[in-house]
Amino acid sequence: MDRRTITVTVNGAIHTREVEVRRTLADFLREDLGLTGTHLGCEHGVCGACTVLLDGRAVRSCLLFAVQADGAEVATVESLGTPEHLHPLQEAFRDHHGLQCGFCTPGILMSMVAFLRETPAPGDAEIREVLAGNLCRCTGYQGIVDAVRDAAARLRSGA
Ligand code: FES
Ligand code: FES
């Protein structure tokens, strides 16, 4: 079995691990590093539940191999906030009932973190367009749109 040693900075901590070259980044994060906030739904790039940031860009961790993250910086949902100090997006999701069952929420949050960095004042149509990349079985996207709009305002005001 082909294995390689990789070094990845995840949420600010440097990890060096030997991995099989076929190991996905999602499995590396969840199983090797124990960061189970990154969820796996479809495992073939459709649902967006596994979205993390790779060098600041939102990517689907089920479609990448861990070896492709060698030397890179990864941010998972665990990097956003703590129960005592939620990220403005997490606060807004809580306040607008955007969490629902929470399964797809980590991927949505990470997609929206990247989106709001590039688009600090999005309109609802823009939010919905980006949100279309994240499938949610709870439906109820309106609360999520409200949360993202509110989070954008909180981030603009430096909340
Ligand atoms: S689990 Fe990666 S896109 Fe669905
Ligand atoms: S919040 Fe339940 S599947 Fe999206």
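**Exercise 1. The hairpin**

Find the residue of E2 that stands opposite Val 10, and then describe how the two strands are joined.

*Solution.* Val 10 stands opposite Ala 13, which belongs to E2. Moving outward from this pair in the predicted model, one finds that strand E1, residues 3-10, and strand E2, residues 13-20, run antiparallel and are joined by eight bridges. The two strands form a hairpin with two residues between them, and in this turn Asn 11 has a positive phi of about 50°. As background to that last value, most residues other than glycine have a negative phi.

**Exercise 2. The sheet around the hairpin**

Determine in what order the strands of the open sheet lie, and which of them are the edge strands.

*Solution.* The open sheet has five strands in the order E2-E1-E5-E3-E4, and the pairing is mixed. The edge strands are E2 and strand E4 (57-60), each of which pairs on one side only. Direction ignored, neighbouring strands of this sheet are turned against each other by 40° on average.

The next step is to look at the pairing of E3 with E4, which run antiparallel and are joined by four bridges. Within this pairing, Val 52 has Val 59 of E4 as its bridge partner.

The last step is to add the helices that pack on the sheet. H1 touches E1, E2, E3 and strand E5 (73-75), and the direction of H1 makes about 115° with that of E2. H3 also packs on the sheet, where it touches E3, E4 and E5, and the direction of H3 makes about 40° with that of E3.

**Exercise 3. Two helices in contact**

Work out at what angle H3 and H5 pack, and decide whether H3 is parallel or oblique to H5.

*Solution.* Helix H3, residues 105-118, packs with helix H5, residues 141-156, at an angle of about 45°, and their axes are 11 Å apart. Because angles under 35 degrees count as roughly parallel and those from 65 to 115 as roughly perpendicular, an angle of about 45° makes H3 oblique to H5. The crossing in which H3 passes H5 is right-handed.

From H3, the contact is made by Ile 108, Met 112 and Leu 116, while H5 contributes Ile 144, Val 148, Ala 151, Ala 152 and Leu 155. The numbering can be read against a general rule: an α-helix has 3.6 residues a turn, so residues three or four places apart point the same way.

**Exercise 4. Helix H2 and the loop that follows**

List the buried residues of H2, state what they pack against, and then classify His 97 and Gln 100 as buried, partly exposed or exposed.

*Solution.* The buried residues of H2 are Pro 88, Leu 89, Gln 90, Ala 92 and Phe 93, and they pack against H3 and H5.

Just after H2 comes His 97, with a positive phi of about 55°, in the loop between helix H2 (88-95) and H3. His 97 counts as exposed because its relative accessibility is 65%, and the cut-off for this class is over 50%.

Gln 100 also has its place in the loop between H2 and H3, and its phi is near 50°, a positive value in a residue other than glycine. With a relative accessible area of 33%, Gln 100 is partly exposed.

**Exercise 5. Three residues and their surroundings**

For His 39, Glu 31 and Ala 121, establish whether each is buried or exposed, and describe where each lies.

*Solution.* Begin with His 39, whose place is in the loop between H1 and strand E3 (51-54). His 39 is buried, since its relative accessible area is 17% and buried means under 20%. Leaving aside neighbours within four places in sequence, His 39 is in contact with Arg 30, Ala 49, Cys 50, Gly 102, Phe 103 and Pro 106.

Glu 31 lies in helix H1, residues 25-32, and counts as exposed at 54% relative accessibility. The side chain of Glu 31 is joined to that of Arg 23 by a polar contact of 3.0 Å.

Ala 121 is placed in the loop between H3 and helix H4 (124-131), and at 54% relative accessibility Ala 121 counts as exposed. With neighbours within four places in sequence left aside, Ala 121 is in contact with Glu 126 and Arg 156. The C-alpha atom of Ala 121 is separated by 31 Å from that of Leu 35, which is 86 residues away along the chain.

Notes:
Residues numbered from 1 in each chain as written. Chains lettered and ligands numbered in written order. Predicted model: local features only at pLDDT ≥ 70, side-chain atom pairs only at ≥ 80, totals over all residues. Heavy atoms only, no water. Pairing = 2+ DSSP bridges. Buried < 20%, exposed > 50% of the residue type's maximum accessible area, 1.4 Å probe, protein only. Polar contact = N/O pair within 3.5 Å; in protein donor to acceptor, adjacent residues only side chain to side chain. Axes fitted to C-alpha atoms, helices over the stretch in contact; angles between N-to-C directions. Parallel < 35°, antiparallel > 145°, perpendicular 65-115°, else oblique. Left-handed = near helix turned anticlockwise from the far one by under 90°. Contact = heavy atoms within 4.5 Å.
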